[in-house]
Amino acid sequence: MSEFTGRTALVTGAASGIGRAVASRLASAGASVVVADVSGPGAREAAGELADQGWRASAVVVDVTDPASVERAVRHAVDTYGALHLAVNNAGIGGPSLPTGEYDVEDFKRVLDTNLTGVFYSLRYELPAIVAAGGGAVVNMASILSARGFAGSAAYVAAKHGVLGLTRTAALEYAPRGVRVNAVGPGFVDTPLLGDADRGVRDYLVSLHPAGRLGTAAEVAELTAFLLSDRASFVHGSYHLVDGGYAAR
Ligand code: NAI
């Protein structure tokens with residue numbers, strides 16, 4: 001028996017980067033994983049890769065900015081595997097880099113819709129399903145930027161601060177019902193989210209981390225898996241960093 005045998009996990013944004021690493025980490029430890037992403041081909045490829053290893057995984061297309069789509073993804077998890085026990089609300093986008101006074105209003109709404117409202121929609125449908133399963137755990141993918149500013153990233157930073165508010169509130173509401181809700185705050189991680197950042201920008205980002213490098217998706221997945229596991233049975237409503245020392249400065 002592996003650690004997550006008998007548990008079903010829904011991971012949003014699981015076609016790429018951190019979500020993909022989390023899906024793999026959970027599936028390798030016995031979970032049945034629903035690989036949910038706005039990219040259908042990406043979700044199917046990621047789920048196929050897990051199934052090829054002999055692990056249990058299925059793909060579902062979800063757009064976290066659409067509550068009906070999120071509800072369908074949660075129903076897919078329950079219909080496919082019988083119950084939902086674990087969820088990782090990870091889907092997210094970066095948005096443009098501009099000073100607040102020049103930030104496009106529509107871009108601001110788009111980033112908030114995905115990175116904050118999308119987490120609410122996910123919790124909205126996951127939590128009743130997890131309670132119905134007899135309890136479980138949720139991790140919301142926050143950021144080191146949930147607790148500090150970052151010039152040029154008003155929408156992203158505001159959304160990630162909001163994710164902590166959602167995490168703490170849901171944790172208070174659902175601890176008595178057997179669901180632990182926590183947030184993970186990665187430093188900068190080498191994934192497609194960083195886009196085509198040029199050498200100078202990358203060097204600057206690396207310089208923010210005393211560890212002297214960016215994080216890896218697998219390192220974030222490791223902390224996420226711990227928080228979802230019974231080893232974290234008294235960990236509720238808190239914010240855990242995996243940031244190469246960024247916040248220690
Ligand atoms: P990524 O770009 O590699 O993966 C994000 C995934 O989310 C993609 O597969 C994308 O298709 C999916 N996605 C985007 N919009 C979606 C939507 N509306 N509905 C469903 N899926 C959607 O990015 P990465 O780096 O793996 O980011 C994952 C999470 O980690 C995000 O919430 C991000 O803000 C957070 N994070 C990332 C850091 C980094 O430096 N890469 C640092 C701190 C937090």
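**View 1. Seven helices and seven strands make up the predicted model.** The protein holds 7 helices and 7 strands, and the model is a predicted one. Read from the N terminus, the elements run β-α-β-α-β-α-β-α-β-α-β-α-α-β. Two helices thus follow one another just before the final strand.

**View 2. Overall dimensions of the protein.** The C-alpha trace spans about 50 × 35 × 35 Å along its principal axes. The radius of gyration is 17 Å. A compact globule of 249 residues would have a value near 18 Å, so the protein agrees with that expectation.

**View 3. The ligand in its pocket.** The ligand sits in the largest pocket. The shell around the ligand counts 28 residues. Of these shell residues, 16 are nonpolar, 9 are polar and 3 are charged. Helix 1 (17-28) supplies at least two residues of the shell. Helix 5 (154-174) likewise supplies at least two.

**View 4. The closest residues around the ligand.** Ser16, Asp37, Tyr156, Val189 and Thr191 are the closest of the surrounding residues. Three of the residues named here are shown again in the next view, with their distances to ligand oxygen atoms.

**View 5. Side-chain polar atoms facing ligand oxygen atoms.** A polar side-chain atom of Thr191 lies 2.4 Å from an oxygen atom of the ligand. For Tyr156, the distance from a polar side-chain atom to a ligand oxygen atom is 2.6 Å. In Ser16, an N or O atom of the side chain is 2.6 Å from an oxygen atom of the ligand. Taken alone, the ligand exposes 830 Å², and the protein buries 91% of that area.

Technical notes: Residues numbered from 1 in each chain as written. Predicted model: local features only at pLDDT ≥ 70, side-chain atom pairs only at ≥ 80, totals over all residues. Heavy atoms only, no water. Near = heavy atom within 4 Å. Polar contact = N/O pair within 3.5 Å; in protein donor to acceptor, adjacent residues only side chain to side chain. Areas by Shrake-Rupley, 256 points an atom, 1.4 Å probe, with all protein chains shown as cover. 1 Å grid on protein atoms, 1.4 Å probe; cavity = no way out; pocket = protein on both sides within 12 Å on 5 of 7 lines; lining within 4 Å. Sits in = over half its atoms within 2 Å of the grid points. Helix = DSSP H or I, 4+ residues; strand = E, 2+ residues; numbered from the N terminus. Nonpolar A, V, L, I, M, F, W, Y, C, P; charged D, E, K, R; others polar. Rg over C-alpha atoms; globule rule 2.2 N^0.38 Å.
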